[in-house]
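Trainee: Could you take me through one part of this molecule in detail? I would like to follow a single linkage outward into its surroundings.

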Amino acid sequence: QVQLVESGGGLVQAGGSLRLSCAASRRTFGIYNMAWFRQGPGKEREFVAAIRFSDSITAYGRFTISRDNAKNTVYLQMNSLKSEDTAVYYCAAGRGTYYVGRTREEYDYWGQGTQVTVSS
C-alpha cells in the first residue's frame with residue numbers, strides 16, 4: 001500500500017508557473033512509476049505526465065515531471081499556465097516497468113488531489 005499526498009496547488013494568473021509536489025509514504029517509492037493526472041470541471045480525468053521508476057526527469061511541453069527518490073517525492077513543474085489548465089491534479093503510483101503508462105487503469109494508488117486554478 002502506498003499513500004500519496006499532493007501539495008502546491010493554488011490560484012495563479014495565466015502565464016504564471018506552479019510546482020506541485022506529491023509525497024509518498026513508502027521507502028520503496030523508487031520501484032514505482034509515477035504520474036500526474038488532472039480532472040477539470042465537467043471533464044474526464046486525463047493524463048498529464050509520467051516518469052519511469054529509473055528516471056529523474058521527463059518533459060512534456062509546458063510541464064515537467066521529476067522525482068527525488070531520496071525524498072520519496074515526485075514533482076510537476078507547470079509553466080506558461082492557461083485557463084484550460086484549471087483542474088484538480090492527482091498524483092498516482094503504478095508498477096515500475098520500462099513502459100510508462102498513460103491510462104488511469106495502469107496506476108494502482110492515488111492521492112486526494114490538489115486544486116489548481118488559473119485566472120485569465
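Mentor: Happy to; here is a walk that starts at the disulfide and moves out through the strands. Please keep in mind that this is a predicted model.

Let's begin with the bond itself. The structure has 1 disulfide, formed by cysteine 22 and cysteine 91, with their sulfur atoms 2.1 Å apart. A pair of cysteine sulfurs counts as a disulfide when the atoms lie within 2.5 Å. The torsion about the S-S bond of cysteine 22 and cysteine 91 is about -80 degrees, so this disulfide is left-handed. Because cysteine 22 sits in strand 3 (residues 18–24) and cysteine 91 in strand 9 (residues 87–95), the pair ties together parts that are 69 residues apart in sequence. Are the two cysteines buried or exposed? Cysteine 22 has a relative accessible area of 0%, so it is buried. Cysteine 91 is buried too, with a relative accessible area of 0%. The cut-off behind that word is under 20% relative accessible area.

Now follow the cysteine 22 side. Strand 3 belongs to an open sheet of 5 strands in the order 1-3-8-7-6, with antiparallel pairing. At the edges of this sheet are strand 1 (4–7) and strand 6 (57–60), each of which pairs on one side only. Direction ignored, neighbouring strands here are turned by 15 degrees against each other on average. Further along the order, strand 7 (residues 63–68) and strand 8 (residues 73–78) pair in the antiparallel sense over 6 bridges. Aspartate 68, for instance, stands opposite threonine 73 in strand 8.

Next, the cysteine 91 side. Of the 9 residues of strand 9, 7 are buried, so this strand is largely enclosed by the rest of the structure. Which strands does strand 9 pair with? Strand 4 is joined to strand 9 by 8 bridges, and the two run antiparallel. Here the bonded cysteine comes back into view: tryptophan 36 stands opposite cysteine 91 in strand 9. Strand 11 (residues 114–119) is joined to strand 9 by 3 bridges, again antiparallel, and threonine 114 in strand 11 is the bridge partner of tyrosine 89. Strand 10 (residues 109–110) pairs with strand 9 in the antiparallel sense over 2 bridges, with alanine 93 opposite tyrosine 109 in strand 10. As general background, strands of a sheet pair through backbone hydrogen bonds, either parallel or antiparallel.

Strand 4 deserves a stop of its own. Asparagine 33 has its place in strand 4 (residues 32–39). With a relative accessible area of 2%, asparagine 33 is buried. Its side chain reaches the backbone oxygen of tyrosine 99 at 3.3 Å, and a polar contact requires a pair of N or O atoms within 3.5 Å.

From strand 4 the path leads on to strand 5. These two strands are joined by 5 bridges and run antiparallel, with arginine 38 opposite glutamate 46 in strand 5. Strand 4 and strand 5 form a hairpin with 6 residues between them, and glycine 42 in the turn has a positive phi of about 70 degrees. Strand 5 (residues 46–51) has 5 of its 6 residues buried, so it is largely enclosed by the rest of the structure.

To put the picture together: the disulfide links strand 3 to strand 9. Strand 3 lies in the open 1-3-8-7-6 sheet, while strand 9 is joined to strand 4, and strand 4 to strand 5.

How values were computed
Residues numbered from 1 in each chain as written. Predicted model: local features only at pLDDT ≥ 70, side-chain atom pairs only at ≥ 80, totals over all residues. Heavy atoms only, no water. Helix = DSSP H or I, 4+ residues; strand = E, 2+ residues; numbered from the N terminus. Buried < 20%, exposed > 50% of the residue type's maximum accessible area, 1.4 Å probe, protein only. Polar contact = N/O pair within 3.5 Å; in protein donor to acceptor, adjacent residues only side chain to side chain. Pairing = 2+ DSSP bridges. Axes fitted to C-alpha atoms, helices over the stretch in contact; angles between N-to-C directions.
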